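Trainee: Could you take me closely through a single part of this chain, one residue and its surroundings, and then follow the contacts outward? I would like the cut-offs behind each term as we go.

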Amino acid sequence: DRWAAAAVAAAGPTSARAENLRNLPFNLQVGTQDTAHGRIEVATQFAEELAKLHAADPAGYVYEWIPHEGRGHGIDDRSSVDWMVQFTRNPVPDKVVWVQGYDTPWRESNPSRRRFYWLATRPDYQRVDGRTDSVTAEIRDQTITLTVEGFETLRVRLNDHMLDLDQPVTILVNGEKRFEGKPTRTLAAMLETFEEYHDPNFIFTAQVEVEVGE
């Protein structure tokens with residue numbers, strides 16, 4: 001949620017989840033002979049995951065995959081810069097996919113695992129080892145729909161760039177209505193969300209906490 005686009009050169013993501021790249025255009029370039037540490041295999045598999053995700057969700061998961069035939073670890077990937085600069089970051093996309101299910105150990109000091117675009121967890125959130133927590137969140141008119149697995153509580157951050165906060169907002173969680181009304185704009189919400197990133201694009205004027213339930 002910090003970048004307009006990203007690129008990886010002569011490597012491939014390992015513990016990262018492809019699902020989280022729904023709104024982050026991603027460029028991968030690896031030499032086909034770059035076999036150390038399984039680089040070409042990892043990158044190819046990740047590109048295949050992005051291809052499947054894009055096919056299922058054509059408005060998201062924009063990617064470019066360039067295997068450099070016959071090359072090893074040394075490749076010319078300068079084209080990735082020209083590819084990335086065509087994109088502009090959208091800090092409040094109308095659809096967010098957030099998956100927490102890493103193989104790496106939980107690090108309590110990492111705040112990035114407690115917020116993603118306009119979604120957040122409670123500050124005391126701890127993912128249960130071995131459990132994958134996921135949410136797909138969509139905004140359509142004045143309704144926000146959350147499809148959730150694992151997460152017990154989520155916070156929905158709102159501002160007037162996303163929808164009209166002077167009108168009632170409905171939040172559905174797994175098909176059940178969890179909130180309906182006019183969200184209250186507060187200075188506390190603005191200060192809290194600004195302090196997290198010090199990014200004015202991530203200032204949210206209202207916040208609604210919803211329980212997922214059974």
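Mentor: Glutamate 192 sits in helix α3, residues 187-197, where helices (H or I, at least four residues) and strands (E, at least two) are DSSP runs numbered from the N terminus. The model is predicted, so local features need pLDDT of at least 70 and side-chain atom pairs count only at pLDDT 80 or more, whereas totals for chains, interfaces and linings use all residues. Residues are numbered from 1 along each chain as its sequence is written, and side-chain values use heavy atoms, with hydrogens and water left out.

With a relative accessible area of 30%, glutamate 192 is partly exposed, a class that lies between buried (under 20% relative accessible area) and exposed (over 50%), computed with a 1.4 Å probe on protein chains only. Setting aside residues up to four places away in sequence, glutamate 192 touches Arg155, Arg157 and Gln207, contact meaning heavy atoms within 4.5 Å. With arginine 157 there is also a side-chain polar contact of 3.4 Å; the term covers a pair of N or O atoms within 3.5 Å, and within protein one must be able to donate a hydrogen and the other to accept it, while residues adjacent in sequence count only if both atoms are side-chain atoms. The C-alpha atom of glutamate 192 is separated by 8.3 Å from that of isoleucine 203, 11 residues apart along the chain.

In the loop between α3 and β12 (206-211) lies aspartate 199, which is buried, with a relative accessible area of 10%. Its side chain reaches the backbone nitrogen of asparagine 201 at 2.8 Å, and, leaving aside neighbours within four places in sequence, aspartate 199 is in contact with Arg89 and Phe194.

Two of the residues touched by glutamate 192, Arg155 and Arg157, belong to strand β9, where together with Thr153 they point one way while Leu154, Val156 and Leu158 point the other way, and all are buried. Strand β9 (residues 153-158) is thus described as mostly covered, six of its six residues being buried. Six bridges join β9 to β12, and the two run antiparallel; leucine 158 stands opposite alanine 206 in β12. Strand β6 (residues 119-120) is also antiparallel to β9 and is joined to it by two bridges, with valine 156 in β9 as the bridge partner of leucine 119. Two strands count as paired if DSSP finds at least two bridges between them.

Leu158 and Leu119 lead on to the interior, for both are among the residues that touch the most other members of the largest nonpolar core, which has 31 residues. Such a core is a set of buried Ala, Val, Leu, Ile, Met, Phe, Trp, Tyr and Cys residues joined through side-chain atoms within 4.5 Å. The elements giving two or more residues to this core are β4, β7, β8 (143-149), β9, β10 (169-173) and β12. Leucine 146, not counting residues up to four places away in sequence, touches a list of residues including Leu119, Val156, Ile171 and Val210.

Some of those elements also appear in an open, mixed sheet of five strands in the order β4-β7-β8-β10-β11. Its edges are β4 (95-100) and β11 (176-181), each with a single partner strand, so one side of each is left without a neighbour in the sheet. Six bridges join β4 to the antiparallel strand β7 (residues 133-140), and there valine 97 has threonine 136 as its bridge partner.
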